[in-house]
Structures are given as structure tokens and as C-alpha cells.
Protein chains: 2
Amino acid sequence: MIVPRLIERKRDGGRLEPAEIRELVLEYAEGRVPDYQMAAFLMAVFFRGFDRTEMSALMEAMLASGKRLDLSRLPMPRVDKHSTGGVGDKTSLILAPLIASLGVAVPMMSGRGLGHTGGTLDKLESIPGFSAALTLTQAEQQIARIGCAMLSQTDEIVPADRRMYALRDATATVEVIPLIAASIMSKKISEDLTGLVLDIKRGSGSFLPKLEDEIELAKAMIDLGASHGCPVVALLTAMDRPLGHACGNALEVAEAIEVLKGAGPGDLIEVTMALGAAMLVLAGAASSQEAARAMMVDAINSGRALIKLEEIIAAQGGDSGVVRDPGRLPRAAYAETFVAKREGVIQSVDPRAIGYGVIALGGGRRNMEDRIDPSVGFVITAKPGLRVAKDQSLVTIHARSKEDLTLGRSILEGAIVIGDSSVTPLPLLSHWVTARGVEPIG
Amino acid sequence: MIVPRLIERKRDGGRLEPAEIRELVLEYAEGRVPDYQMAAFLMAVFFRGFDRTEMSALMEAMLASGKRLDLSRLPMPRVDKHSTGGVGDKTSLILAPLIASLGVAVPMMSGRGLGHTGGTLDKLESIPGFSAALTLTQAEQQIARIGCAMLSQTDEIVPADRRMYALRDATATVEVIPLIAASIMSKKISEDLTGLVLDIKRGSGSFLPKLEDEIELAKAMIDLGASHGCPVVALLTAMDRPLGHACGNALEVAEAIEVLKGAGPGDLIEVTMALGAAMLVLAGAASSQEAARAMMVDAINSGRALIKLEEIIAAQGGDSGVVRDPGRLPRAAYAETFVAKREGVIQSVDPRAIGYGVIALGGGRRNMEDRIDPSVGFVITAKPGLRVAKDQSLVTIHARSKEDLTLGRSILEGAIVIGDSSVTPLPLLSHWVTARGVEPIG
């Protein structure tokens, strides 16, 4: 294998054989193909694409690069939820304890921030002491004991994907359907699931702003799941604005805890409930979406979901006290309110600008080596379509310094547009995609 | 500067400001932008291009990344020749001593193999003891003393280009006109030349197989030269087959020495003479191409060109005895003749297959860290259009092992096609491109 020739072939529109992809990926996982060659290859794939055979070979190579969870001896079904990445999306933090508290196992492997989007792992790590670096054996034992583990990709689990995911983030090669599909599904298949619910983001803040691309991505993942006996259903949700209010790691953990306490922003609750209902139905734990919703409401009202979150945090070395007292989460030195410069209607809250804004404040990575400040970010009550008065509070900025408050203001001035026209944001929930086809909602 | 966003902008067809290119390139030269980000960026440039402003900014940034030669106190003109890269092209090894022996200074900075093509530096380093790692001061002193220095890019000289050149080689991002033009011209401008002759390769073995691309490249370099007061003329020469017979580092040094002794393959002599004549005319040392050719023939016949090569090798620590006795060059353990399987007409000798074949035998790099075996390669007497008998010798394979002889044979079976049709290879010399325009030859 002469790597530059493989890159050249893809660059010039050719295709790679499954054996070539396997060798390239496994050698990359072992560090024998350097990052710079993989980066050039991935950019060529951005322009030239991967067909279904190449995509499937990529996923199989990633799976072959590491080990998998073995949960086959558990008595209960195992489901997970995965999002294609958004801004302010903390549904995983809510769903993992919520579903696990209802007797369905949730082996949840999460990633770090990618591009402008946040990562569940970065959010979890804002909890003092929390570690997602579980071995497979530790994860299996924890799931057997408390029904859930929230783990990162260690070197054991699809290491090829782990390296490639970080590399894509740093090289603007994220938005490629077959790469996204193979990356997600390699991790999910290695979780040994009996079912998977996908949250596919739509709109300007998603990696794939076009509806047909989102549907193609859903279908690709449904096919990859089917090849390993894992049924997949996908829900298309709006990401033309941030989800919920909080954007930034510790701020999002606090908001997730609010929802588990029965409070929190309406849009966040609605998306979480729709995904959770699908998980429970797919697991066979509920006979209908309505029954599933009733079960979740009960788990929240009874406090069982909150207790499950405490169990998970404690099991993974974290300070479970943050659940009762979110004030124990890291807090930025400076907080300031950002107000409307004029009265009018919120035209847009640009999720990309907000996501990159969190990174600029120190809450995300600019390259693979960066460290994150978990405390910073925005809490944005402004939503597109909302009528606001002059000087009405729209956002609270959380920052490390006065200079960063100024930076935060200038980011928000670009990200939030107030005008006079009425506005129609994307519907929060728009389509289901399943093995049977595409089904619009409402 | 958030590098992934610059990559993303270029990827999506946008352009970069000169200040952005300058920062990206200078940070890359300092190691603060990693190779993998630059690799993805360069692949995006492969697909999206660079306009003239971006190209010029790239060259200026490369120049700003290092120091330059200062030859302004020399009494004689300073010219160099540069090729866009071919297989079997050892004209630099001949022209440097030849032109320097005629009272014109030749500050020649050379590169390593790139893609399937060889590099003058790799060839020179096959001479025992030879070092091209001169400081700028050493190079200036040597040029003042003997009229020529053959130097590599040290960390002093356009270090940004040096890193990027190696990276492009390893990432299949070589064939991009503005990158080629800026890379070459940054090095040539830093040589403090009074004139430059370009050898732009045409045909299947060139980086730019299309004639219009080659002419565009020539014009781009002429413009970049003009912006620094360095007149440039370009000769388009055939690279649909290797030049001369020898392909492989030490083998090519031996063939260059043959030419300086008045022997050697006709096609190699013809290209060398045309380029040398242009150098002498551009330097003002000859009033016409005919006068220049007569001067060169005299320098060869009198032995002065050969003595100059000995001086250069000795000045740079090499064993100058190789000039009189090329048997002192590294020699491969195994040599074997490759013969025609049938009678007929040589249809093609694929220079890419030959060039990559030399790499496969160990005579070139697969990635930036590889070391080269200078002894291996092919000596190919077969030329397209030549009528051959069955079992006629076409090539001598030089290899490190019996297994590599087998590999060499299989490479040649793919690279050399014998058929029955007559064949019209590209004309050896086809166009001159100067500031005045394009002029076809013959």
C-alpha cells in the first residue's frame, strides 16, 4: 500500500476496494499512516464521496480496529440514542438516566465537541471528578449493576474512529455522509445494542443543512445497523437555532438536571420526550409512544430518574452532589446579561455562530490538543419568532475575563438578529425515518 | 485565526485574504499549525484553486518565513534552471557544472523526490560524502570561489516551502498550479538570481499532463519572477517517457557524468543543450543560442565542465573520484536484464509506473520519514517508437534482493508496452514561453 497513490485515486474520482480501506484504516489506527495523509484522504472523500461498499468497509475496519462491549448476558434490552451533533443539545444527559431508570439498559458511548457542536463527553467532564474513561469490563459491570454507563472511546473501542473523529474536527472534514454514518454506527454496533434511536439535526446549525442529505444519512445508518442486526429509527429535529437555553459544558449539565427535576425549556423537553419514547418502544418496554411518555413523566415526577443520574455520576467517580446543588459545577468568573438593542421579532439565533462562540470563549477545542474551560458559554432565552422589547434580556454570557465578555457580546451581536418580519423556524420535530421509509410528522 | 474555519472556507469555494495566507503559512513554518491541518487545506486548494492574489501571497509568505542568498556583490550574472519534475531527468547535474565552467554563476537549490519524480538532492546524495546542507554564508562563499553551489533548503531558506513540499509529496497534493508556481519561485527568488530557465514537463509523466495547464504554470512563474525583477523563460519538454536511460539516484549521477564526458543518450543531451543555451543567453554570456551551444560543446570537449563537477563535489565534502570512476557510486547487489517478450514496436514507457517503480524498489520515499537506497533503479534503453526483436534487452534492473528483481520485472511488464502500431511520442522540445508569449518550436 502506497498511501499517496490511494489518496490520488480517491482525489481523481476512483474508488477503493474494501481490503484497501481496511488496510488504510487499521494502519492509521496503529499510527503507521500519519494524520496528515489521512487528513488529505478525508478531504478528497469530502469532494469525491464514498459509495455504500466503501462506507460499509470503513465501518467494518473501524470495528476490527478494537474490541466491543458484550452485553448479551443481560436480561434487559439495550438501547442508545445518538445525535448528529448540535448546539445546546443536552438530551443524552437527560435520556441516559431517564431510560435506565425504567429498566432498559443504556450503554452510552459519547464523543467530544466536533466543529461548532458540543460533545456529551466534554459536558460530563464538567462534573468534578467524573470520568468517562471506563474499560469495557468496567462498563459491562456498571451496566449490569445500575443499567447505564456513559463512556468515552478508550483505546479499546473502535480506536480508528477515535483518531479519525478528532482529526476530522480539526480539518473541516466533518460534513461527509458516509464518514458520519460509519463513524456513528461503528461506535453504536460496538455497544452491542438491541436498538438505536438517532436524532438527526436539520437546518443551518446541522452538519448537513439539506433535508435530502439528512434522510440519506438516516438511511445509510439504518442499513449499517441492519447488517449487524440492530434496528435503527431516526427522528429529524430542528437545529436552525440552539436547543434549550444553555450552550456551554457545565451550563448544559445544569439545564439537563433541571429537566430531570421536571422543569427546563419546553423545546428541550419536547425533543427529549420524543426520542425517549422511541427508545422505550424500540426496547419493547412500552407498547406505544403514549405509554412511553407516561412512564417517563412518572420517572421524573417520582425522582427515580434523578436518583439514577446520581448513581451514574457516583459510579463514575463524579461529585453526585451537583444533582441536588448545581452550584457545585464549575462557574465562570464573569457573568453578564446581553439585552436587545431594539424592539422587534427575533429573526434568527445562529447556532453555528453560537457554537463557535463557545469555542472562542474557551469552551471548545480549536485543534486536537486544546483543553476546554467547562464553565464558559451562553444561556440564551431568545428564540426565533419571539417578540422582544428594547433592553429585554436575551442571553447571559459566562466568561473567564472581562475581555471575553466583550468578545461574547460581539459574537451575540452577529448571532442574534432582531427585525420586524414574522419568522417561521423549522418545526422542532419534522420526520421519522425507519426501515419502512420516511414519515413526516404533523 | 481558527484554522478549521479557513480550511472550511477554501473547501466551500471561498478565497483567503493575503494576511490570512501569510499567518497560516508562517504559523505552519513555526510548527504551530500541524501538518494534518495543512494537508486538508492543500487538498481543498487542489479542488478549489488559488487565484493570482492568493498565489502571490503564498510566495511572499514563504519568502518571509526564511532568509535569502545575497549574491549582489558577485561580478558575474547568476542563473539557475528548474524543472517541474520528471523521471530520469538529471539535467541539473549536468548544467550546474557546465554553465558554471563558462563564467556564469549557478546558485542551484534543489529538492527531493516528489510523487513519482526524482529529486536532484536525492541524486547528489548518492555521491559518498556529498552534502547539500550548506548554510547561506557557505553557499555564498562557495559560489564566489567556484561559481556554483548545489544546496538543499536548510531551515534558513523558505522553511515554510520546505515543510509544505514534503507534505504535498506525501498527501497527493502536488499537482496544483499555484502551489507549484509559488513553491518553485519562492526558492528561486531566494537564490538572488539575475535570470531563470524553467523546464516544464509535458505528457503523462508530468504533474500537469494538459498543455494549457503547463502554459498557465509558465505564465504564473514568469509573473512571480517579474514581481521580483527576475526574468524567466520556460521550455516545454516531453515527459511522456523517461528522459535519458537511467532512473534511480546513483544510476542518474553516472549518466550525467557520461554526458559531461561527451557521451550519453541523445534525448538527454538535446534537452540539456537547449536549457543550457537559454541560461547562457539569459545571462548575457552568449549572444545567440548557436553561440551558446558552441561554448558548451567546448566546455565538455576541453574537460572544463567535468573539472567543475569535481570542484563542486569536493567543495561539498563528496568523493570527487566518482567523476573519473563512477564505479565508486553505490551499486545494488543485484542486476538483471529485462528483455522484450515479443517483437514489435515499443508503444509506451510509462514514466509514472517507472517513477513509482523506483520508489517501490527502495529508491524513493513513501512518506516524509522514509530513507532512500541510492543504488536501485532501472536503466531503460527502450524508447517509444523503437522497433525491437524478441528477447532484445530493454532494461537493466538494479535491486537490493532477488525478490526486488521480481518486483522490478512485474513493474516493467506493466510500464513497457510492445505492440504493432507505429507510435508518435511528444516532440522532445515543443514550446518556449516567455514574457512575450508562447512560441511553438519546429
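Visitor: What makes strand S1 of chain A a partner of strand S4 of chain A, and in which sense do they run?

Guide: In this predicted model, 5 bridges join S1(A) to S4(A), residues 195-202, and the strands run parallel. Pairing requires at least two bridges, and the 5 present here therefore satisfy the criterion. Within S4(A), A:Asp199 is the residue that stands opposite A:Ser83.

Visitor: Why is S1(A) described as largely enclosed by the rest of the structure?

Guide: The strand covers residues 79-83, and 5 of its 5 residues are buried, so the description follows. A residue counts as buried when its relative accessible area is under 20%. A:Val79, A:Lys81 and A:Ser83 point one way from the strand, whereas A:Asp80 and A:His82 point the other way; all are buried. In a regular strand, side chains alternate between the two faces of the sheet.

Visitor: What makes helix H5 of chain B largely enclosed?

Guide: H5(B) spans residues 91-100, and 10 of its 10 residues are buried, so the rest of the structure largely encloses it. Among the buried residues are B:Thr91, B:Ser92, B:Leu95, B:Pro97 and B:Ala100.

Visitor: Which strands of chain A form the open sheet with S8, and what is the sense of the pairing?

Guide: The order is S10-S8-S12, with antiparallel pairing among the 3 strands of chain A. S10 and S12 (416-419) are called edge strands of that sheet, as each pairs on one side only. S8(A), residues 344-349, is joined to S10(A) by 2 bridges, and these strands run antiparallel. The cut-off for pairing is at least two bridges, so this pair qualifies. In S10(A), A:Val388 stands opposite A:Gly344. Helix H17(A), residues 402-415, lies across S8 and S12 of chain A and runs at about 50 degrees to S12(A).

Visitor: Why are S10 and S12 of chain B said to stand at the edges?

Guide: In chain B, 3 strands form an open sheet in the order S10-S8-S12, with antiparallel pairing. S10 (387-388) and S12 (416-419) each have a single partner strand, so one side of each lacks a neighbour in the sheet. S8(B), residues 344-349, pairs with S12(B) in the antiparallel sense over 4 bridges. B:Val349 has B:Ile416 in S12(B) as its bridge partner. Helix H17(B), residues 402-415, packs on this sheet and touches S8 and S12 of chain B, its direction making about 50 degrees with that of S12(B).

Visitor: What makes the relation between chain A and chain B that of a two-fold axis?

Guide: Chain B is superposed on chain A by a rotation of 179 degrees with 0.0 Å of shift along the axis, at an RMSD of 0.1 Å. That is the relation of a two-fold axis. The same surface serves both copies, as 100% of the contact residues of chain B recur in chain A. Of the residues of chain B, B:Tyr36 comes closest to the rotation axis, with its C-alpha at 1.8 Å.

Visitor: Which residues have the most contacts inside the largest nonpolar core?

Guide: They are A:Phe41, A:Leu58 and A:Met185, together with B:Phe41, B:Leu58 and B:Met185, in a core of 142 residues. Beyond four places in sequence, the contacts of A:Phe41 include A:Leu6, A:Ile7, A:Leu24 and A:Phe50. In soluble globular proteins, nonpolar side chains tend to be buried together.

Visitor: Is A:Ala172 buried or exposed?

Guide: A:Ala172 has a relative accessible area of 5%; the cut-off is under 20%, so A:Ala172 is called buried. A:Ala172 has a positive phi of about 55 degrees although it is not a glycine, and lies in the loop between H8 (159-170) and H9 (177-189) of chain A.

Visitor: Why is A:His245 called partly exposed?

Guide: Its relative accessible area is 23%. Buried requires under 20% and exposed over 50%, so the value for A:His245 falls in between. A:His245 is placed in the loop between S5 (232-238) and S6 (246-247) of chain A. Outside the four nearest places in sequence, A:His245 touches residues including A:Lys90, A:Glu255 and A:Phe378. Its C-alpha is separated by 9.8 Å from that of A:Gly266, 21 residues apart along the chain.

Visitor: What confidence scores accompany chain A and the model?

Guide: Chain A averages a pLDDT of 95, and 100% of the residues score at least 70. The model scores ipTM 0.77 and pTM 0.78.

Terms used. Residues are numbered from 1 along each chain as its sequence is written. Chains are lettered from A and ligands numbered from 1 in the order in which they are written. This is a predicted model: local features need pLDDT of at least 70, side-chain atom pairs count only at pLDDT 80 or more; totals for chains, interfaces and linings use all residues. Side-chain values use heavy atoms; hydrogens and water are left out. Contact means heavy atoms within 4.5 Å. Axes are lines fitted to C-alpha atoms, for helices over the stretch in contact, and angles run from 0 to 180 degrees between N-to-C directions. Buried means under 20% relative accessible area, exposed over 50%, partly exposed in between (1.4 Å probe, protein chains only). Copies are superposed by least squares on the C-alpha atoms of residues with pLDDT of at least 70 in both. A nonpolar core is a set of buried Ala, Val, Leu, Ile, Met, Phe, Trp, Tyr and Cys residues joined through side-chain atoms within 4.5 Å. pLDDT is the predictor's confidence in each residue, from 0 to 100.
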